[in-house]
Amino acid sequence: MPWIFNYAELGPPQLTEALGKAPFCMLPASLANYSLTFKGRSRKWGGGIASLDKSRGGYVYGSAALIGADDLA
């Protein structure tokens, strides 16, 4: 089973909705040496799209979800 890192607007409710079921396990997590940035412009809501950029000393906080391999698609 793979772990995926969730940040920005992909929280537990959104991930559950996208998968059609709850993830097997979800824990708080952080990603070192990255920062959260907003790039481009979403046609859906008109603002920037959350992205990750390498950033020495930076941290992005989110969650790690354990999901089934078939759910990656």
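This text walks through the structure, from the whole chain down to single residues.

The model is a predicted one. Its mean pLDDT is 86. Every residue passes a basic mark, since 100% of the residues score at least 70. Confidence varies from element to element. Among the elements, helix 1, residues 12-19, has the lowest mean pLDDT, at 83. Strand 2, residues 25-39, has the highest, at 92.

Now take the overall plan. The protein has one helix and three strands. Follow the chain along the sequence and the pattern reads β-α-β-β. The C-alpha atoms fill a box of roughly 30 × 30 × 20 Å, taken along the principal axes.

Next comes the surface. The protein has 73 residues, and 23% of them count as buried. It exposes about 5,300 Å². Carbon and sulfur atoms supply 57% of that area. Charge is part of the picture too. There are 7 positive and 5 negative side chains. The centres of these two sets lie 11 Å apart.

How does the chain meet itself? Consider contacts between residues at least 6 apart in sequence. Of these, 62% join residues at least 24 apart. Some single residues give examples of parts of the chain that come together.

Start with strand 1, residues 3-6, where N6 lies. Is N6 buried or exposed? Its relative accessible area is 2%. Buried means under 20%, so N6 counts as buried. Now look at what surrounds N6. Leave aside its neighbours within four places in sequence. N6 is then in contact with L15, M26, G62, S63, A64 and A65. Of these partners, L15 falls within helix 1, residues 12-19. M26 falls within strand 2, residues 25-39. G62, S63, A64 and A65 fall within strand 3, residues 49-66.

Move on to strand 2, which holds S30. S30 has a relative accessible area of 41%. That value lies between the 20% and 50% limits, so S30 is partly exposed. Which residues does S30 touch, apart from those within four places in sequence? They are F5, Y59, V60 and Y61. Take F5 from that list. S30 and F5 are 25 residues apart in sequence. In space they are 8.4 Å apart, C-alpha to C-alpha.

N33 is also placed in strand 2. At 41% relative accessibility, N33 counts as partly exposed. Its backbone deserves a look. N33 has a positive phi of about 65°, although it is not a glycine.

Further along strand 2 is T37. Not counting residues up to four places away in sequence, T37 touches I49, A50, S51 and D53. With D53 there is a link between side chains. A polar contact of 3.2 Å joins the side chains of T37 and D53.

Last, turn to strand 3, residues 49-66, where R56 is found. Is R56 buried or exposed? Its relative accessible area is 84%. Exposed means over 50%, so R56 counts as exposed. R56 also has a distant residue in sequence to compare with. R56 and A32 are 24 residues apart along the chain. Their C-alpha atoms are 8.2 Å apart in space.

Look back at two of these residues. N6 is buried at 2%, whereas R56 is exposed at 84%.

Conventions
Residues numbered from 1 in each chain as written. Predicted model: local features only at pLDDT ≥ 70, side-chain atom pairs only at ≥ 80, totals over all residues. Heavy atoms only, no water. Helix = DSSP H or I, 4+ residues; strand = E, 2+ residues; numbered from the N terminus. Buried < 20%, exposed > 50% of the residue type's maximum accessible area, 1.4 Å probe, protein only. Contact = heavy atoms within 4.5 Å. Areas by Shrake-Rupley, 256 points an atom, 1.4 Å probe, with all protein chains shown as cover. Lys, Arg positive; Asp, Glu negative; His and termini not counted. Charge placed at Lys NZ, Arg CZ, Asp CG, Glu CD. pLDDT = per-residue confidence, 0-100. Polar contact = N/O pair within 3.5 Å; in protein donor to acceptor, adjacent residues only side chain to side chain.
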